[in-house]
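User: Could you take a close look at one part of this model for me, the cavity and what lines it? After that, a quick tour of the cysteines and the aromatic rings would be great.

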Amino acid sequence: MNLHEYQGKEILASFGVRIQRGIVAQNSKEAVEAAKKLTEETGTGWHVIKAQVHAGGRGKGGGVKLAKNLKEVEELAGQIIGMNLITPQTSAEGKKVHQVLVAEDVYYPGDSETNEFYMSVLLNRSSGKNMIMYSTEGGMDIEEVAEKTPHLIFTEEIDPATGLLPFQARKIAFNLGLSGAAFKEMARFVASLYKAYVESDSSMFEINPVLKTSDDKIMAVDAKVAIDDNALFRRKEYAEMRDLREENPIEVEAGALGLNYVDLDGNVGCMVNGAGLAMATMDLIKMAGGEPANFLDVGGTADAKRVEEAFRIILQDEAVKAILVNIFGGIVRCDRVANGIVEAYKNMGDAIKVPIIVRLQGTNAELAKEIIDNSGLAVESAVQFQEAADKVKEVLS
Ligand code: GDP
Ligand code: MN
């Protein structure tokens, strides 16, 4: 689950990570109040107004602006809230901005002593260890740094059994070219950042930039935080931070039904039981010349109600030109699934306007095929994987 910058920063601060301070605002009036409060607390009269959307590259898209007085705070907040922010990380339509973070300005103009670094904490799945990726080239597009100057990106692997060792934090500070007070601050920053990552059950932190101020403070100016979905049951305070406005509406609806659905760009909808089979089915669709429109694991109970719910979810995607149902009847017999599909289809009446190919394999597969074939509905049946692929090809051509 992804969080907004202001929420990510709240979590970091709760673990003692120094952050650029800010207050979230829903409208320009609140933004002015926030700016006044920040001035009282920090003494700074300048503020940055930052669009809060689940996408990076906001600066490039005009979603991060500097306000030099309260009038500018009001104006800029008014401009940014409600705008459709288009960044390299959003779709072409962009994302609607509902709120801004009013933050203290932590950059001092013409100050050559400040430095922007990149730092992320994530899991390296191939080594089974956590890792900290970091670079002297912060503030900019890290993908571009990785492409053009990969030697400027360092990684430090951390054994989860021992945790981050003090020498590792010092090594990072050293590789970032720091010395003196800034070196010590960075080592402390890294240690608290890693602790925050582990103890918040996060799956990713990306802090770009990490700023070194001219008075040698190290702080998180931006925060991209993703909490591991599988840990949300024991992190209720984070689960409550979910902002459904930022998520794909079909995925939200599917999630509420307990369907494991991921929206994709293709034209063939798929309904499958089991994540592994779902992935194999997506491969099959590709090999047949199609592109999967979604990943959908309906889980163990493929009864009429569930099948109908799944059909309705898939059909909300207007790009879908055909649906492939690929169900393995192990615990649930294929003939029961077939009856469920027929019943769901009949219940839906005219709602189904695209061809449906059903492949059922497992217990009573042949009987299931008969049920489908004799239903009188516009549903094609298949028992073998290849048959299903051929039929997908046929309906797409
Ligand atoms: P992103 O573009 O979505 O990654 O948003 P960031 O939070 O990283 O902000 C983008 C850029 O805005 C940063 O790289 C900074 O250069 C700039 N920025 C952020 N905070 C401040 C600030 O306090 N003062 C000034 N002058 N610039 C800032
Ligand atoms: Mn950033």
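Analyst: Val358, Leu360, Ala365, Ala368, Lys369, Ser381, Ala382 and Val383 line the largest cavity. Keep in mind that we're looking at a predicted model here. Three elements each put two or more residues into that lining: β17 (356-362), α12 (365-373) and β18 (379-382). The top contributor is α12, which supplies 3 residues. Sorted by class, the lining comes out as 6 nonpolar residues, 1 polar and 1 charged. As for volume, the largest cavity has about 30 Å³. The search counts 1 cavity of 30 Å³ or more, and with a volume of about 30 Å³, you'll want to remember where that cut-off sits.

On to the cysteines. Going through the whole structure turns up 0 disulfides. Take Cys270: it isn't in a disulfide, and the nearest cysteine sulfur, the one in Cys334, is 18 Å away. Seen from the other end, Cys334 has its closest cysteine sulfur in Cys270, and because those sulfurs are 18 Å apart, they are too far from each other for a bond. The cut-off for a disulfide is a sulfur pair within 2.5 Å. What about exposure? Cys270 has a relative accessible area of 1%, so it counts as buried. Cys334 is buried too, since its relative accessibility is 0%; the threshold for that label is under 20%.

Now the rings. A pair of aromatic rings is described by the distance of the centres and the angle of the planes. There are 3 aromatic pairs in the whole structure. One of them joins Tyr197 and Phe205, with 5.7 Å from centre to centre and 80 degrees between the planes, an edge-to-face arrangement. For reference, edge-to-face takes an angle over 60 degrees. Tyr197 and Phe205 are both buried. The picture extends past that one pair, as ring pairs tie Tyr194, Tyr197 and Phe205 together into a cluster.

One last ring contact, this time with a charge: Lys68 has its charged end over the ring of Trp46, at 5.3 Å from the ring centre. The distance limit for that kind of contact is within 6 Å of the ring centre.

To pull the cavity back into view: α12 leads the lining with 3 residues, β17 and β18 also give two or more each, and among the lining residues are Lys369 and Ser381.

Technical notes
Residues numbered from 1 in each chain as written. Chains lettered and ligands numbered in written order. Predicted model: local features only at pLDDT ≥ 70, side-chain atom pairs only at ≥ 80, totals over all residues. Heavy atoms only, no water. Buried < 20%, exposed > 50% of the residue type's maximum accessible area, 1.4 Å probe, protein only. Phe/Tyr/Trp six-rings, centres within 6.5 Å; stacked < 30°, edge-to-face > 60°. Lys NZ or Arg CZ within 6 Å of the ring centre and 35° of its normal. 1 Å grid on protein atoms, 1.4 Å probe; cavity = no way out; pocket = protein on both sides within 12 Å on 5 of 7 lines; lining within 4 Å. Points joined across faces, edges and corners; volume = space filled by probe spheres on them. Helix = DSSP H or I, 4+ residues; strand = E, 2+ residues; numbered from the N terminus. Nonpolar A, V, L, I, M, F, W, Y, C, P; charged D, E, K, R; others polar.
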